[in-house]
Each structure stands twice: as C-alpha cells, then as structure tokens.
Amino acid sequence: MNLKEKLNEWTDIDIAIHHIAVELNLFKTDNFTGYLWIQWTENKYNDFLTDILQKLIKLDMLEINKNEDMIRYNKDFEIETKP
C-alpha cells in the first residue's frame, strides 16, 4: 500500500507522519508506538518529518483539516507533465 492509499481518508497527523516515515524507510511499519517519542518531542527527526508534511501540504498533495488535526491525500492532486 502506498502513501496515497494510506492517506485516502482523513487521518490523524501523527499517523500520517508515521506513514511518511515508513515510505522513506525511516520507521518500521509495525511499530507505530515505538516511534511516537519522535513526534512528541523536539528533535531533528521530528523537524525533518514535520517539514516534509508541511511541504506536501504546500504542494497541495495533502489536505489538512486544522480544526481536527487531520490529513488526507488530495484526490485532485496531479503533477502536470510537459513533452
């Protein structure tokens, strides 16, 4: 399952960050709780993953519901290709 499929529905930001880290092979898929300290403390890994998340939002690849702290893949996202 790829990131688009994992974030097809509104997803908690912590889980979305975990999915991004898994896609980058930074985290193992079966150990969500083992890596929560990274997302809940100030550290270089959290900074890196938060930066990626913000850039994906800025690209409109991900949508954010700030009131609910939820993320989902933007179903209309597409990178235009030129010949």
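Contact here means heavy atoms within 4.5 Å, and helices (H or I, at least four residues) and strands (E, at least two) are DSSP runs numbered from the N terminus. This is a predicted model, in which local features need pLDDT of at least 70, side-chain atom pairs count only at pLDDT 80 or more, and totals for chains, interfaces and linings use all residues. Residues are numbered from 1 along each chain as its sequence is written, and side-chain values use heavy atoms, leaving out hydrogens and water.

**View 1. Meet helix α4, residues 44-58.** With 15 residues at 1.5 Å each, α4 should span 21 Å (1.5 Å times one less than its number of residues), and its end C-alpha atoms are indeed 21 Å apart.

**View 2. The two sides of α4.** Asn46, Leu49, Ile52, Leu53 and Leu56 are buried (under 20% relative accessible area; exposed is over 50%, partly exposed in between, with a 1.4 Å probe and protein chains only). Seen down the axis, these buried residues fall within an arc of 130° (taken from the directions from the helix axis to the C-beta atoms), so they line one face of α4. They pack against α2 (13-23), α3 (36-40), β2 (62-65) and β3 (70-73). On the other side, Lys44, Asp47 and Lys58 are exposed.

**View 3. The ends of α4.** Asparagine 43 caps the N-terminal end, with a side-chain oxygen 2.9 Å from the backbone nitrogen of tyrosine 45. Just after the helix, aspartate 60 takes a positive phi of about 70°.

Technical notes. Polar contact = N/O pair within 3.5 Å; in protein donor to acceptor, adjacent residues only side chain to side chain.
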